[in-house]
Amino acid sequence: MIKGLILGILLAILLFGGGVYYYFSSGHAPVATSAAPIPLERTLVRVGLHAYLDKLPHPAPQVPADEPNLIAGAKVYKEQCATCHGLPNEPKTAVAQGMYPAPPQLFQGKGVTDDDAWESYWKVENGIRMSGMPAFKERLTEAQIWQVAVLVKNADKITDPVKKELAAGASTPMEMAMPASKPAPSKKKTP
Ligand code: HEC
């Protein structure tokens, strides 16, 4: 009786494992970025990320959200993040449009202003698996990561000098990523 039950459970596990393997090995799983998501893909990744973040310490920002730090954060942002996460009043880049999952536009709507800075710090430091979000650990300093984290936290209340720093950078990756059909946005002369 018990033996039969155990055998049944083992068989079910094997069948499930085999089914999942077959799903991938037979070429049924979507592998293109433009294809439909795998069933439950987003949910599982979200649940996993949140459960993991909940277990971490939640440090207070190590830099104050004052203008010098926000300007320093803007420098990092326009060089490393804008291609995917966009700039204030700029259209989405071709890169951002072509990604799955889509990178949230951090200067549109509420962005991540409702997340604590430590959460964005962690995401920038470590990246997000199964998305295009890169890890910047050892490529940016801890101070730079905090500066860009407090910038995106305060994206809805940045001052003109910070906006100016963001706009002053349509130099490299952003322009290269613009859809070819559209001329690069003209640089704003003011303020
Ligand atoms: C190559 C594209 C790319 C670059 C460059 C990039 N990101 Fe991301 N980022 C993403 C994607 C895609 C996601 C969405 C991940 C998801 O949905 O799980 C993301 C997610 C995030 C999130 C979490 C958003 C949320 O709603 O929880 C933050 C914060 C973030 N990125 C900040 C940054 C910062 C700051 C930089 C620059 C230092 C940066 N990213 C560079 C693609 C990028």
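**Exercise 1. Work out which residues of H6 are buried and what they pack against.**

Start with the buried set: Ala117, Ser120, Tyr121, Trp122, Lys123 and Val124 of H6. Here a residue is buried if 20 or more other C-beta atoms lie within 10 Å of its own, exposed if 12 or fewer, and partly exposed in between, with C-beta atoms placed from the backbone. Helices are DSSP runs of H or I with at least four residues, numbered from the N terminus. Next, look for partners: these buried residues pack against helix H2 (41-55) and H7, where contact means C-beta atoms, placed from the backbone, within 7 Å. Finally, step just past H6, and you hit Gly127 with a positive phi of about 75 degrees.

A word on what you're looking at: this is a predicted model, in which local features need pLDDT of at least 70 and side-chain atom pairs count only at pLDDT 80 or more, while totals for chains, interfaces and linings use all residues. Residues are numbered from 1 along each chain as its sequence is written.

**Exercise 2. Find how H3 and H7 cross, and which residues make the contact.**

First, the geometry: the axes of H3 and H7 come within 8 Å and cross at roughly 100 degrees. Those axes are lines fitted to C-alpha atoms over the stretch in contact, and angles run from 0 to 180 degrees between N-to-C directions. So H3 is roughly perpendicular to H7, the label for 65 to 115 degrees. Now the residues: H3 brings Asn69, Leu70, Ala72, Gly73, Ala74, Val76 and Tyr77, and H7 brings Gln144, Gln147, Val148, Val150 and Leu151. Zoom in on Leu151: not counting residues up to four places away in sequence, Leu151 touches Leu70, Gly73, Ala74 and Tyr77.

**Exercise 3. Track down the largest nonpolar core and the elements that feed it.**

The largest core has 27 residues, and Tyr77, Tyr121, Val148, Ala149 and Leu151 have the most contacts inside it. A nonpolar core is a set of buried Ala, Val, Leu, Ile, Met, Phe, Trp, Tyr and Cys residues joined through C-beta atoms within 7 Å. Helices H3 (67-80), H4 (82-85), H6 (117-126), H7 (142-153) and H8 (160-167) each give two or more residues to this core. H7 has the largest share, with seven residues.

**Exercise 4. Locate the cis peptide bond.**

Check omega: the bond from Tyr100 to Pro101 is cis, with omega near -5 degrees. Then place Pro101, which sits in the loop between helix H5 (94-98) and H6.

Terms used
Contact = placed C-beta atoms within 7 Å. Parallel < 35°, antiparallel > 145°, perpendicular 65-115°, else oblique.
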